[in-house]
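Trainee: I should like to go through this complex step by step, with an answer to each question in turn. May we begin with the contact between the chains?

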Amino acid sequence: MSLLDRKVRGFKLVDVVALGLLAALVLGVYLAKTMAGRERTEIARIERQIAAERGRIRLLEAEVSHLEQPSRIGQLSQAYLGMAPATAQNEATAEELVAIAEKAAKAKPKAPAAAEPAEAPAAAAPAPAAVVVAPALEAGQ
Amino acid sequence: MTAVHPGYEATPRRRWLTGGFWSLERAFERARASDKAEDDTRIRIFFVLALFAFAFASLALGATRAAVFSGLDKGAAFRAAGAARADLVDRNGRMLAADLLHYGLYIDPTEVWEVEETRRLLLTALPEMSPARLDRVLRSGRRGFVFGGLNPTEKAKIYELGLPGVSFEPEQRRIYPLGQTAAHLIGFSDTGGEGLSGAEFALNQAVRGAKPGSPVPLSIDLRVQAALEEELYKTAQLHSVKGAVGIVTNVHTGEVLGMASWPTYDPNEPGRASPDALTNRAGASVYEMGSIMKVFSVAMGLDSGTVNIGSVIDASSPLKMAGRAVRDYHAENRAMTVADVFMHSSNIGTSRIALMAGADTMLKYYKDFGLMEAAPIELRESAKPIAPRNWDPNTLASASFGHAISVTPLAVAAGMGAVLNGGTYVPLTIKPVAPGERPKGRRVVTEETSKAMLDLMRANVVHGTGGKANAEGLRVGGKTGSAEKPGRGGYQRDKLVASFAAVFPSDGPLESDRYFVLIMMDEPKGTKETFGFATGGWTAAPTAGRVIDRIGPILGVERVAELAEPDPAAAAKLAGADD
């Protein structure tokens with residue numbers, strides 16, 4: 001009797017094996033799909049999160065660009081810190097720094113009071129924390 | 001017997017298939033002929049089974065692939081937040097314009113429970129929302145757009161109201177984070193993502209076609225732009241001008257490092273700006289520029305061999321021409337060298353040089369300097385000049401000192417580059433040029449002429465009308481201009497176009513880095529500080545000096561001790577006299 005003709009409890013062995021394989025396949029596909037669905041949901045969630053984060057990063061970059069624009073910084077530093085554009089006298093090359101430092105070191109012991117301004121300029125101006133920043137991008141730009 | 005039409009000519013592939021089929025059929029026939037009919041049946045069953053098995057296997061593979069690997073298009077999720085237009089950045093990568101994700105607010109009235117409550121809450125949360133539009137959508141009976149451009153915070157605020165029937169759709173919106181800074185150069189685009197002005201319009205294809213994440217750089221340096229704008233706008237307000245222009249270029253590469261036009265506008269809200277504010281005066285407006293055009297006339301005279309620096313020109317009396325006389329505003333009433341003609345901004349002297357050179361020579365050089373055409377730059381706003389058709393002696397004389405011909409400040413900047421960079425005309429560009437690269441350009445004047453003009457311009461700041469433009473150690477050279485504006489009944493003495501064309505550093509080898517600065521004021525008013533003067537020497541020149549003082553270190557121009565400093569008294573005396 002060939003293997004194809006052998007019967008188990010009245011059923012052909014080949015049919016039983018085929019049925020078993022089919023059941024295994026169905027179960028396998030079901031499990032694979034369930035797991036894949038879970039993974040896909042997770043991937044989609046992460047992708048949405050990445051997209052949202054990227055959008056957020058771009059928004060922050062734009063806000064940084066807005067807040068750091070030179071004209072705005074210039075206006076704020078002039079208005080609140082009493083600063084002004086650097087003049088030729090304020091500039092120094094790297095080589096000149098040593099000489100400037102030596103000059104400052106020599107001047108210090110002679111006039112210690114000069115190192116501490118009688119009235120701190122910062123005291124007259126509002127603290128940097130009080131600087132009113134322009135409306136952030138998120139607030140409507 | 002054959003199964004195909006006799007006229008049918010099978011292609012090689014079909015021939016192979018039909019050949020295989022008939023070969024199999026003949027195998028069955030042979031089996032039947034040899035009394036082995038069961039073999040024939042077995043083979044046929046096996047064949048059909050094999051076909052079915054193959055079909056099922058294919059289906060199983062397809063189903064598995066669809067079930068397990070579908071929906072994993074990674075790009076799709078990012079495209080929603082991506083940019084339809086690439087970012088615009090300055091030459092150092094600082095953001096100038098960007099597409100940012102915003103949200104549109106939609107309402108489906110069929111899902112709205114409390115119409116009045118929904119209306120009240122939405123109008124409270126978004127006061128700028130149009131009540132009429134909201135009512136129209138609420139009454140329409142189908143889902144409709146109500147309000148656009150919500151940022152994530154605003155969206156979250158509406159979302160938290162928990163209103164049924166209210167939903168959001170992502171949309172891209174062009175944002176200009178710097179507001180008014182470089183507004184005319186950057187330009188703006190419409191809500192459909194098409195550029196409408198400035199670089200947004202000029203580089204529309206590049207901006208729309210750039211790879212995601214790849215910004216499009218512009219040639220401007222934001223630090224230079226900021227310094228230029230601050231000084232220009234300050235002066236514009238101080239002198240109550242009708243308009244003002246500031247341009248900074250690299251004379252060797254033609255790169256525009258800064259460009260400002262006053263009045264200005266916010267490209268985030270171009271609809272609120274007046275047409276006057278939207279106009280880029282640097283490129284879209286033409287002016288009779290006055291005496292800064294003497295730079296071209298004197299360069300023409302020197303380069304064509306008509307005169308040399310030491311040539312003596314008779315400026316002892318007004319130059320009488322048909323129906324008029326050309327006069328000097330601060331007449332020296334003497335014979336002058338060409339250098340003196342330039343430094344005293346003598347109309348008589350420049351006219352005589354132009355007349356000596358002749359119309360053909362003058363026209364050739366003006367064409368070579370690009371003054372007879374729109375400045376070649378990517379900006380579509382670049383306007384054509386208004387030039388005379390008939391170059392008779394009268395016109396020739398007027399054109400030599402900046403009247404009779406109206407050009408854009410951009411055209412002047414491009415032409416000045418040719419005079420100051422060693423003699424080659426390089427088109428202006430708003431795109432950055434690679435470090436170390438210098439466009440070849442076309443030769444206009446010799447290197448000797450270029451050097452002579454640099455020296456003359458420096459001498460004009462040290463001894464002539466441009467003394468107020470000096471910036472310590474930066475060897476500024478320049479030429480003032482104060483042109484009366486044409487009006488009804490002739491030129492108006494009280495309405496000037498005041499300008500200053502500056503170059504720095506003016507010394508060193510011709511190939512060394514050099515920058516051009518143009519400051520122009522349209523109808524400035526004199527102030528107490530300027531003793532009522534509104535000429536270029538009193539308005540534009542000091543502004544140019546302050547701009548150069550600030551941008552020199554940014555551009556890497558080293559300050560050096562100067563052998564000759566301008567005499568303030570002489571400069572003040574001459575500054576009011578330039579024309």
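Trainee: How many residues does each chain give to the contact between chain A and chain B in this predicted model?
Mentor: The model is predicted, and the predictor gives the complex an ipTM of 0.71 and a pTM of 0.77. The contact takes 27 residues from chain A and, from chain B, 32 residues.

Trainee: Which helix of chain A supplies the largest share of the side that touches chain B?
Mentor: Helix 1 (13-67) and helix 2 (70-81) of chain A each supply at least two residues of that side. By class, the side of chain A that touches chain B has eleven nonpolar, seven polar and nine charged residues. The largest share, 17 residues, comes from helix 1 of chain A.

Trainee: What pattern of helices and strands does chain A follow along the sequence?
Mentor: Chain A has five helices and two strands. Of its 141 residues, 6% are buried. Read along the sequence, the pattern of chain A is β-β-α-α-α-α-α.

Trainee: Is A:Arg9 buried or exposed?
Mentor: A:Arg9 lies in the loop between strand 1 (7-8) and strand 2 (11-12) of chain A. Its phi is positive, about 50 degrees, although A:Arg9 is not a glycine. Most residues other than glycine have a negative phi. With 5 other C-beta atoms within 10 Å, A:Arg9 is exposed.

Trainee: Over which residues of chain B is the pLDDT below 50?
Mentor: Chain B has a mean pLDDT of 88, and 91% of its residues reach 70 or more. One stretch has twelve contacts in the model beyond near neighbours in sequence, yet its pLDDT is below 50. Where pLDDT is low, the predicted coordinates should not be read in detail. The stretch in chain B is residues 74-82.

Trainee: Which helix gives the most residues to the largest nonpolar core?
Mentor: The largest nonpolar core has 138 residues, and those with the most contacts inside it include B:Val295, B:Phe296 and B:Ile548. Leaving aside residues up to four places away in sequence, B:Phe296 touches B:Tyr365, B:Tyr366, B:Phe369, B:Leu371, B:Gly415 and B:Val419. With nine residues, the helix that gives the most to this core is helix 18 (residues 409-420) of chain B.

Trainee: In what order do the strands of the open sheet of five strands in chain B stand?
Mentor: The edge strands are strand 7 and strand 14 (477-487) of chain B, each of which pairs on one side only. The twist averages 10 degrees from one strand to the next. The pairing is antiparallel, and the order in chain B is 7-6-16-15-14.

Trainee: What is the bridge partner of B:Val248 in strand 7 of chain B?
Mentor: Strand 6 (residues 243-250) and strand 7 of chain B pair in the antiparallel sense over six bridges. In strand 7 of chain B, the bridge partner of B:Val248 is B:Gly258.

Trainee: What angle does the direction of helix 20 of chain B make with that of strand 15 of chain B?
Mentor: Helix 20 of chain B packs on the sheet and touches strand 6, strand 14, strand 15 and strand 16 of chain B. Its direction makes an angle with that of strand 15 of chain B of about 20 degrees.

Trainee: Which residues form the covered face of strand 8 of chain B?
Mentor: In a regular strand the side chains alternate between the two faces of the sheet. In strand 8 (residues 312-315) of chain B, the uncovered face holds B:Val312 and B:Asp314. Strand 8 runs antiparallel to strand 11 (residues 334-337) of chain B, joined by four bridges. The covered face of strand 8 is B:Ile313 and B:Ala315.

Trainee: Why is helix 15 of chain B largely enclosed by the rest of the structure, and how many of its residues are buried?
Mentor: Among the buried residues of helix 15 of chain B are B:Asn347, B:Arg352 and B:Ala357. Helix 15 (residues 347-357) is largely enclosed because, of its eleven residues, the number buried is nine.

Trainee: What is the omega of the cis peptide bond that joins B:Phe504 and B:Pro505?
Mentor: Most peptide bonds are trans. B:Pro505 lies in the loop between strand 15 (490-504) and strand 16 (515-522) of chain B. For the cis bond that joins B:Phe504 and B:Pro505, omega is about -15 degrees.

Note on methods. Residues are numbered from 1 along each chain as its sequence is written. Chains are lettered from A and ligands numbered from 1 in the order in which they are written. This is a predicted model: local features need pLDDT of at least 70, side-chain atom pairs count only at pLDDT 80 or more; totals for chains, interfaces and linings use all residues. Two residues are in contact if their C-beta atoms, placed from the backbone, lie within 7 Å. Ala, Val, Leu, Ile, Met, Phe, Trp, Tyr, Cys and Pro count as nonpolar, Asp, Glu, Lys and Arg as charged, and the others, Gly among them, as polar. A residue is buried if 20 or more other C-beta atoms lie within 10 Å of its own, exposed if 12 or fewer, and partly exposed in between; C-beta atoms are placed from the backbone. Two strands pair if DSSP finds at least two bridges between them. A nonpolar core is a set of buried Ala, Val, Leu, Ile, Met, Phe, Trp, Tyr and Cys residues joined through C-beta atoms within 7 Å. pLDDT is the predictor's confidence in each residue, from 0 to 100. Axes are lines fitted to C-alpha atoms, for helices over the stretch in contact, and angles run from 0 to 180 degrees between N-to-C directions.
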